[in-house]
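Please walk me through the charged side-chain pairs of this protein, with attention to where the partners sit.

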Amino acid sequence: MTAFGRLWRRAPLWRTSVIVTVGALGMAAFYPTPALKKAMPWLPGHLPGATPYNAGSGASQPDGQQGAQPGGAPGLGDQIGVPDPGIAQHGSITIAGRTLPLPAGDWHPILTARSGAHGELSQQVLARTDRGVVSGVIVVRATQQPVPADLAEQLETPCHDDRDYAAHISDKAGVSQECSYTSNAVLENQSVSTDPFITAAFSRMRTLGFPIPSLMINVGWYYAAAAGKGTAHIETVETLVAPIEHGSRQLLAPPQYWNKASVHKNPDAAQFIDALDRWMIGWSRVLRQGFDGTLDTATLVPPLINDPSAPRPA
């Protein structure tokens, strides 16, 4: 009898430890955590509840949906989709059964998520590239089914941030709430957002080698339509636009000029912010039409779709 065989017979606690360890390794392989799957993509399984995306299908992931942590807080999602970033999307996409218009350019799907007891929330991140540089990022959230009104109020919070360059708020009591706002987003560090889904999307972009500028300007849009007592349908669209020289990651103005207090001290920064705010007023109307189901995609033509960082002819 070998030494291993004698030890197996005479050491029951060690034998039990070996059995438990092997079983745990098997469970980890077939039900890996997101971090483990990222580190070891060759593992055969996937996160419980996740729906793997077939990158060879050639189609975008519909209704990528954001999850909700206990209490309704946004989370990474119960079902995570990893689309093929080589796909280029134009014009519009569909999310949660609604039409989301896209600004000009090639938009690549980065990450999708869906969660909630009934798949109530959808989320998707797309990135626009121009001459190899990321010139825009879209983060969209939308509901498949009505959600509690208190969740809608949480998503409206950015509209009331004193650091916003500008905000346009319109409430119809008991009917709808709408706002758009313009703010900045510093992206030079690894913690892009406290939202785990957004953090994961930017991490994937970096892993894929997408050149991301150190700062982008966020034009956000929020809409909530009452659906019944204490519930609402909601959609939020954050469009991050890069204030850069076309074809490079060079900011139009030094970083210190991109906050609310000093933006108008630099003419290039001021011109960009003013142009972006004017564009957002018209774009908000298009986003609302997509939410209401009244959008005619044939109307998505320049200059309506051309934000200040839209691709220009070479």
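A salt bridge is taken here as a side-chain nitrogen of Lys or Arg within 4 Å of a carboxyl oxygen of Asp or Glu. The model is a predicted one, and by this rule the count comes to six salt bridges.

One of them is formed by E238 with R141, whose closest N and O atoms are 3.4 Å apart. This pair links distant parts of the chain, since E238 belongs to strand β13 (residues 231-241) and R141 to strand β8 (residues 133-143), with the two positions 97 residues apart in the numbering. Both E238 and R141 are buried, and the pair does not stand alone, for R141, D195 and E238 are linked in a network of salt bridges.

A further salt bridge joins R128 to D307, where the closest N and O atoms lie 2.7 Å apart. R128 is found in strand β7 (residues 121-130) whereas D307 is in the segment after α6 (267-292), so the contact ties together parts that are 179 residues apart in sequence. R128 and D307 are both buried.

What is the distance between the closest N and O atoms in the salt bridge of D161 with R163? For this pair the value is 2.8 Å. As to the surroundings of its partners, D161 has a relative accessible area of 28% and therefore counts as partly exposed, while R163, with a relative accessible area of 63%, is exposed, because the exposed class begins over 50%.

Conventions
Residues numbered from 1 in each chain as written. Predicted model: local features only at pLDDT ≥ 70, side-chain atom pairs only at ≥ 80, totals over all residues. Heavy atoms only, no water. Helix = DSSP H or I, 4+ residues; strand = E, 2+ residues; numbered from the N terminus. Buried < 20%, exposed > 50% of the residue type's maximum accessible area, 1.4 Å probe, protein only.
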